[in-house]
Each structure stands twice: as structure tokens, then as C-alpha cells.
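Q: Please take a close look at a single helix of this model and set out how its faces differ in exposure and what lies against it. Please then place that helix beside other local features of the chain.

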Amino acid sequence: MANTESGIPIEPVYGPAALTDWNPTDKLGEPGSYPYTRGVYPTMYTGRPWTMRQYAGFGTAAESNARYRQLIEGGGTGLSVAFDLPTQMGHDSDAPLARGEVGKVGVAVDSVEDMRVLFEGIPLDRVSTSMTINAPAALLLLLYQLVAEEHGIPGERLTGTIQNDVLKEYIARGTYIFPPGPSLRLTADTFRYCRAEIPRWNTISISGYHMAEAGASPAQEVAFTLADAIAYVRTAIGAGMAVDEFAPRLSFFFVARTTLLEEVAKFRAARRIWARVMREEFGARDPRSQMLRFHTQTAGVQLTAQQPELNLVRVAVQALAAVLGGTQSLHTNSFDEAIALPTEKSARLALRTQQVLAYETDVPHTVDPFAGSYAVERMTDELEAAALALMRRVEDLGGAVAAIEAGFQKGEIERNAYRIAREQEGGERVVVGVNRFALAREEPYAPLRVDPAIEARQCESLARLRATRDAPAVTAALTVLREAAAGPANVLYPMKEALRARATIGEVCTTLREVWGTYEPTGSTW
């Protein structure tokens, strides 16, 4: 008998006995109604398709801007920005720790000047922009707002999302800066700021994607993502906000794997769990607070460097799983991303994959076509039970932050990743083109290469910035920020003024490090 990626047995045949005592009113409801198992909107894609995002950003801001324009001209309806590692870690491009990493895995943004170039000629009031940035997310959002204001676009006309999910960084990725306490304080400040200044912005995209890429099973992905979300809700409430003031702007970010049936079940189970948590634990009354709205990205970890054209098939299946699971927006990986940054052609093919699903298939013409399926409903119930069991273990440890400090989530994910790797090595889990149907000799492929001179040019740009700006104004603005960080004030307002004065991301983060410290992980006890 086969098992799902969560280790749940898959029956060869499902029938009515699989759903004994199963109540469709309680388990499903109607599309757009509690508990949102069938989707967060009544009509889903029958009126319009999901938002088609393409995650892009590499090298310089000018090069990324050119790629964004191509994506928009090709029919993309939303931008998704990748930042390089120095930007993600709050370091300027000329910092010693940034050496060799500038522009490699995303675009380098050091100041408001880079952000101007990044979005030059793009109508920020007519596109939705998602920014994959976490520890310094507030800074990138403020830079975006400053550029919009320079073009006369007020905050209330901006739409998009910042990932801003630092808790999963301690679990899976490692691009954290500050300890968990100050990081959660910065998250709460961002919630308050956006409610007042950028009300249509999604202030956080709570991410299971990166945990899945690190090896989490679907059940772990749901459980640990929702446990983190509960921690954010508690933090905001503890800071004096009412749940229905901020919860409608929460959003989520999940992976879509090639295991289509389990992935559909995963998305449905996640919606149902979250709706009940928000209603029963936090007393949310606004239906939007109970909706789990999410972005999906196809599974980069399942792409192979061997026979890379097979990734076109994998991505199509993964995208179909996301759509059948009810995603609100979708990024499809390019087939060559296991080798290098995607080429222009491969990025276009990835977008065309979504367009084929949206305009050539009949999938968007009916809401939740799997509803009532013996197999999918049984899998949904089993995934829900498995995720809830893991969430209870996190609670028993004292909540997400305490569990992170104990190394619980990281240890569970590592064990699952090891299990998957062993199954692949032993041939129990087939990876076409790798452990079965491999070629004796791979065909040559010419990947996109990042110009190593980018780092030098970015450093020269920083030198010009520091030579031409009003240095006393920058120093004064950073002093005000330092005082705010040491007290209870919302740090985003003085942070914005420092960035307006042309302080760099590294300078702002260094100021906060001086007050809040940096995070040093302890060894796992699991």
C-alpha cells in the first residue's frame, strides 16, 4: 500500500465506508462560507482566474525592472520580488558579510534609490506586488511606499504583500536578524502601521513553503505554519489590537507538490483548521478574519537538474494541485531553476503554464470540483487530524516561540527530510530521471549567469549615495529611530524618515541591532 508524503496510507479504493458519520454541512459548508473548506469566495475562479505572479529579481534593480516589464507585457497580473541574501539579512552590498552574494539569488536593494530603479515605469497603483522578505520586511515596504509617494500615489491605493514571517526563519531558512521577541514587536508595529497608512496591504504571508522546501511533510507544513500564525495573532492582541482590526490582512504561503490529491486535501484542511481557530479561540467575527487566503508556489525542491525539461510536467501538475486546492495567487517555477536563475524564455513558459490552466481547461468553470470525493474528503480529514496533533504538541511546549527555542519544529522537519531522502535513495520513492528512467548522458544546457561585476557596481553606487546625501540628517534620523526602538513607540514612523533621508537598509538594521541584539540559536534537544 502506498503512503502520502505525510505518511498516511492511501487506500487502493475509497467508497462510502471511508466517510462514516461524515456530515457535509459541518465539514464543507458552501464555497465562501464557514468553515471555508470549499474555498474562501463563493464563485472562486468562475468570475476571474487567480492572480498569476512570477517570482523574479536578480542582479541589479535595473535588470529586475526589465524582467518585471516583460512579465507584465506577457500577461502577468502581479509581481513577486526576490531579494538577494545581503538584503534579506539587513546588510548593505559593501558589507564584508555580503561579499560574493550580491545579486545572486535576488535583487540587491540598499536604499530608496535602488527601489526607485526597481519599479521605474511600473504603475504601483495598478499592480499587486508581493515581496519575499522577512526580518527587514518593514524597511522594504516603507521604501516601496516612499517611491509610490514620489509618484503621487497614496498608501491607500497600494496593494500587495510582504512575507514578514520571521518565525519560520528560525525553523527553516535562517535569514533572521533579531531575537524572536523584538522580531514579533516589529511585526505588531507593522500591523498597526499598515492599518493606518496602507490599509489594503497584506501585512504578513505566513509561510509553510520554506518549511516544505526544508523537508516538512504536508501535515507538518500546515501544523507549523498555523502554529506560527497563532503566535502572530497573540502578539498583535497582546499589543492592544482587536482581532478583527488586523486579521483580515493576514495571508499565507504554501507549496504545491506533485502529489496532487494530498496537496488538494492539504489546502482544504488548512482552511478548515484556521477558520475554527479564529472563530473559537480568538473570537473573530469578521468573516475575512476566518478566511485562510494563500499564495502558492510550485515545489522548487522537486525540480531536478537531470533532464530539466521534465520539470515542465512537474510544474504543470503542481500548478493544477494549487488551483484545484483553491489558491488565491500562484507562482510557477521555471523548468531550469534547479540549475540556475531562470532565463527569459523559461520564465515565460512558466507563466504560460498558468494561462493554459486558466483559459484552456475546464477547471476554473466550477468551484471545488473534488467536493464529496471519497478519496479527497478522507485525505482532508486525515491531514486535518495529523496537523492538529502536531499543533497540540507545539502548544504543550508553550507555543510556537518556545517550541522553536527547544528545536522541536526543526527536529521534526529534519527527521521527515531524512525519511524522504532514504526512500528516494532506496528507490521506494520514484524521481523520474534521477533514480528511475535516467539518461546515461545528460544533454548540455546553457544557464543564465549573474555578472560578478554587479557587486562592484552596487558598492560604487553606495559610495556615491553616502557622499551626496545629507549626513547630519541621516545621523539625526537614526538617533530618533534608536530612541523609538528602546521604548514603546511604533518604530516604522522613524524608520520611514530615516529611509527618506537616504539611510541604507544596513544602517537601519545596524541601529536596531544595537538596541535589540541579534539571535544566536541554541542546539536542538530533539
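A: The account below begins with helix α19 and then turns to Trp516, to a pair of crossing helices and to several loop residues. The model is a predicted one.

Helix α19 comprises residues 471–486, 16 residues in total. From its first C-alpha to its last it reaches 23 Å, which is close to the 22 Å expected at 1.5 Å a residue. The buried residues of α19 are Val474, Ala477, Leu478, Leu481, Ala484 and Ala485. Viewed down the axis of α19, these buried residues fall within an arc of 115°, and they therefore line one face of the helix. This pattern can be read against general helix geometry: an α-helix has 3.6 residues a turn, so residues three or four places apart point the same way. On the face of α19 turned away from the buried side are the exposed residues Pro472, Thr475, Glu483 and Ala486.

What covers the buried side? The cover over the buried residues of α19 includes α7 (180–197), α20 (492–500) and α21 (505–516). Trp516 belongs to helix α21, and Ala485, one of the buried residues of α19, is among the contacts of Trp516. With neighbours within four places in sequence left aside, Trp516 also contacts Phe178, Pro179, Pro182, Arg185, Leu186 and Val491. The relative accessible area of Trp516 is 12%, so this residue is buried, the cut-off being under 20%. Between the C-alpha atoms of Trp516 and Val301, which are 215 residues apart in sequence, the distance is 34 Å.

A second arrangement of helices involves α11 (residues 260–281) and α15 (residues 374–396), whose axes come within 8 Å and cross at roughly 55°. That angle makes α11 oblique to α15. The crossing of α11 past α15 is right-handed. On the α11 side, the residues that meet α15 are Leu261, Glu262, Val264, Ala265, Lys266, Arg268, Ala269, Arg272, Ile273 and Arg276. Their counterparts in α15 are Val376, Glu377, Met379, Thr380, Asp381, Leu383, Glu384, Ala387, Leu388 and Met391.

The loops also hold local features. In the loop between α1 (24–27) and β1 (51–56) is Pro35, and a cis peptide bond joins Tyr34 to Pro35, with omega about 5°. Tyr36 lies in the loop between α1 and β1. The phi of Tyr36 is near 65°, a positive value in a residue other than glycine. Tyr36 has a relative accessible area of 3% and is buried.

Asn164, located in the loop between β4 (159–162) and α6 (167–173), likewise is not a glycine and has a positive phi, about 55°. Its relative accessibility is 4%, and Asn164 therefore counts as buried.

Ala305 sits in the loop between β8 (294–298) and α13 (310–324). At 42% relative accessibility, Ala305 counts as partly exposed. Apart from neighbours within four places in sequence, the contacts of Ala305 are Ala338, Ile339 and Glu442. The C-alpha atoms of Ala305 and Val434 are separated by 9.0 Å, although these residues are 129 residues apart along the chain.

To return to the helix requested, α19 has its buried residues along one face, with Pro472, Thr475, Glu483 and Ala486 exposed on the face turned away.

Notes: Residues are numbered from 1 along each chain as its sequence is written. This is a predicted model: local features need pLDDT of at least 70, side-chain atom pairs count only at pLDDT 80 or more; totals for chains, interfaces and linings use all residues. Side-chain values use heavy atoms; hydrogens and water are left out. Helices (H or I, at least four residues) and strands (E, at least two) are DSSP runs, numbered from the N terminus. The expected span of a helix is 1.5 Å times one less than its number of residues. Buried means under 20% relative accessible area, exposed over 50%, partly exposed in between (1.4 Å probe, protein chains only). The arc is that of the directions from the helix axis to the C-beta atoms. Contact means heavy atoms within 4.5 Å. Axes are lines fitted to C-alpha atoms, for helices over the stretch in contact, and angles run from 0 to 180 degrees between N-to-C directions. Angles under 35 degrees count as roughly parallel, over 145 as roughly antiparallel, 65 to 115 as roughly perpendicular and the rest as oblique. A crossing is left-handed if the near helix is turned anticlockwise from the far one by less than a right angle, and right-handed if clockwise.
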